[in-house]
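Me: I would like to go through the labels attached to this structure and see what each one rests on. Please set the values against the cut-offs.

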Amino acid sequence: MRCSSPNPSRVTMNSMPETDAVRPDVLRPTVDASQFGVVQRPLSIGERIYNIGAVRKLAILVLLAVAWEIYARWLHNDLLFPTFSATLRAFAEAMISGGLLGKAWTSIKVLLIGYSAGIALAAVLTTVAISSRVGTDLLETLTSMFNPLPAIALLPLALIWFGLGSGSLVFVLIHSVLWAVALNTHSGFLSVSTTLRMVGRNYGLHGLSYVGRILIPAAFPSILTGLKIGWAFAWRTLIAAELVFGVSSGSGGLGWFIYENKNQLEIANVFAGLFTVIMIGLLVENVIFRTIEQRTVRKWGMQN
Amino acid sequence: MTETTAPLLDVRGVTLQYKTSEHRITATYRVDFQVFRSDRFILLGPSGCGKSTLLKAVGGYLNPVEGEIRLKGMPVTRPGPDRMMVFQEFDQLLPWKTVKENVLFALVSSGKLSGKAAQEKALEYIHKVNLTKFADSFPHTLSGGMKQRVAIARGMAMEPDVLLMDEPFAALDALTRRKMQDELLQLWDDTHFTVLFVTHSIAEAITIGSRILLMSPHPGQVKAELNSLPRSTTHGDAARELERKIHALLFAEPVESHDEFHA
């Protein structure tokens, strides 16, 4: 291969080595794979255990619990900051005899009603938004109006409209879920690549089957984010609302449990109530959402 | 190819325009060509000659402002499974479906086949593109060339009237591209499908095409319609000669004005 010829440009490139000498062709045989020491080797047990996400997270949780325990013992003030073990004891007692389970269930029931109603409304709103320009404008306007409005700020109004029942709670829950989910779903729909849209239309899909079979799966990472944010917003709103107006129709929820115990200065129970909220949060995030994520967006390679 | 029969795809006087936020742009101006059954018809031209836009119009994604596109005598108005597209982008496969499901989904959702017949058809074409081993893999685990082979299998399994290919090998490396071109020709030997193929590579046009439409840019107009070479001679002196001829045609500066064109 002669790659240079005498021309003026060569003068300026005098840092390049001279390559006019003809070099011979070289052929080298490859070594058979069996000659190598390692072609493929299983990971060690330690490496494999470290690869399990649950183990890593559990380790973090244990560390946090130990830190809590040590700090609380050092502080030695049960009224301000009960130890982890005292909290666990209070949690177990409240679970067995104090009706914590029932209260948690009351909260979760209301939460699920509000959450699913919010998602259903978000689905309707985004479908309208994706099918017309006015719909998009409507969604954008409504979202920018209501998304910054704290759900708790609507609570007094909700109490007047729906009374002291779970109706008011469901109303504020819908408000806290709807906008987050709608916003994320819509931005997910908008970011679906033109190629995928054209592929869907190439198959002759349109209307709801197009949304359901192409847009929703293609936008699923964003939708999932919306669902997670919506879930967190719903939890916060619910606990806060229960703290504010307490008991509804005879059986209070977790917020009420926390409020009641604070009044009686049963601080370990307050911690047990908060602990329940945290446990449910961890469970939903790490079991339910994680499973959905692994079976969808990770499996499809849309998220690493 | 005898021209005694009616053309499969008849593009007559097609002017295409699209809007950006500030301009209305004419992409092609009064383009005419006819594609006959089993043609490997190439749209060749530099970027900006509207060849991809023209292919999208044949696909039914945009309607001509002037002229008419007819497939088997019926005007083309919207996208449909009788004109399957193979895109340049690797993301044209549905990431939430495996290779087999991708091919299957096209067959089932367009209502062409269902159940066992669809399964068999899907596997048959996956076998044709040598991906039987990867039938249950998800697209993100495949290389670029393999993804394009799945897209080709998906397009061919539908047995469309015409397969529309929009620079399907442009994003591949040169070695893979050569291999894919050969494979495409082998597939054509097998089923003699009709394909409308967009490319900006003269060499690719000569290798793949049986008939080549040359287009000039801004706006796209037909410059010439040439026969390509017999398959055995696509790499020899004749090929180089044809390549020179096409090059000269494409890059000769035209002096004609629009008025002359009208006349």
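Me: What is the handedness of the crossing of α11(A) and α12(A), left-handed or right-handed?

Reply: The model is a predicted one. In it, α11(A) and α12(A) cross in a right-handed sense. The label fits a near helix that is turned clockwise from the far one by less than a right angle.

Me: Why are α11(A) and α12(A) called oblique to each other?

Reply: The axes of α11 (residues 220–245) and α12 (residues 254–263) of chain A cross at roughly 45° and come within 7 Å. Angles under 35 degrees count as roughly parallel, and 65 to 115 as roughly perpendicular. The value of roughly 45° belongs to neither class, so the pair is oblique.

Me: Which residues make the contact, and how do they divide by class?

Reply: From α11(A) come Leu238(A), Ile239(A), Ala240(A), Ala241(A), Glu242(A) and Leu243(A). The α12(A) side consists of Leu254(A), Gly255(A), Trp256(A), Ile258(A) and Tyr259(A). By class there are 9 nonpolar, 1 polar and 1 charged residues. Gly counts as polar and Glu as charged, so Gly255(A) and Glu242(A) fill those two classes.

Me: What makes Ser216(B) a buried residue?

Reply: Ser216(B) has 22 other C-beta atoms within 10 Å. The cut-off for buried is 20 or more, so Ser216(B) is buried. This residue lies in strand β9 (residues 211–216) of chain B. Its C-alpha is 24 Å from that of Pro7(B), and the two residues are 209 apart in sequence.

Me: Which residues does the domain assignment give to each domain of chain B, and how far apart are the C-alpha centres?

Reply: Domain 1 of chain B takes 1–83 + 163–263, and domain 2 takes 91–159. Their C-alpha centres lie 26 Å apart. In the contact, domain 1 of chain B has 11 residues and domain 2 of chain B has 9. Helix α5 (residues 174–191) of chain B supplies 4 residues, the largest share of the domain 1 side. That side has 9 nonpolar, 1 polar and 1 charged residues.

Me: How many residues of chain A are in contact with chain B, and which element gives the most?

Reply: There are 17 residues of chain A in contact with 17 residues of chain B. A pair is in contact if the C-beta atoms lie within 7 Å. On the chain A side, α9 (194–202) and α10 (207–218) are the elements that give two or more residues. Of these, α9(A) gives the most, with 6 residues. The chain A side divides into 8 nonpolar, 6 polar and 3 charged residues.

Terms used
Residues numbered from 1 in each chain as written. Chains lettered and ligands numbered in written order. Predicted model: local features only at pLDDT ≥ 70, side-chain atom pairs only at ≥ 80, totals over all residues. Domains from an automatic or database assignment. Axes fitted to C-alpha atoms, helices over the stretch in contact; angles between N-to-C directions. Parallel < 35°, antiparallel > 145°, perpendicular 65-115°, else oblique. Buried ≥ 20, exposed ≤ 12 C-beta atoms within 10 Å, placed from the backbone.
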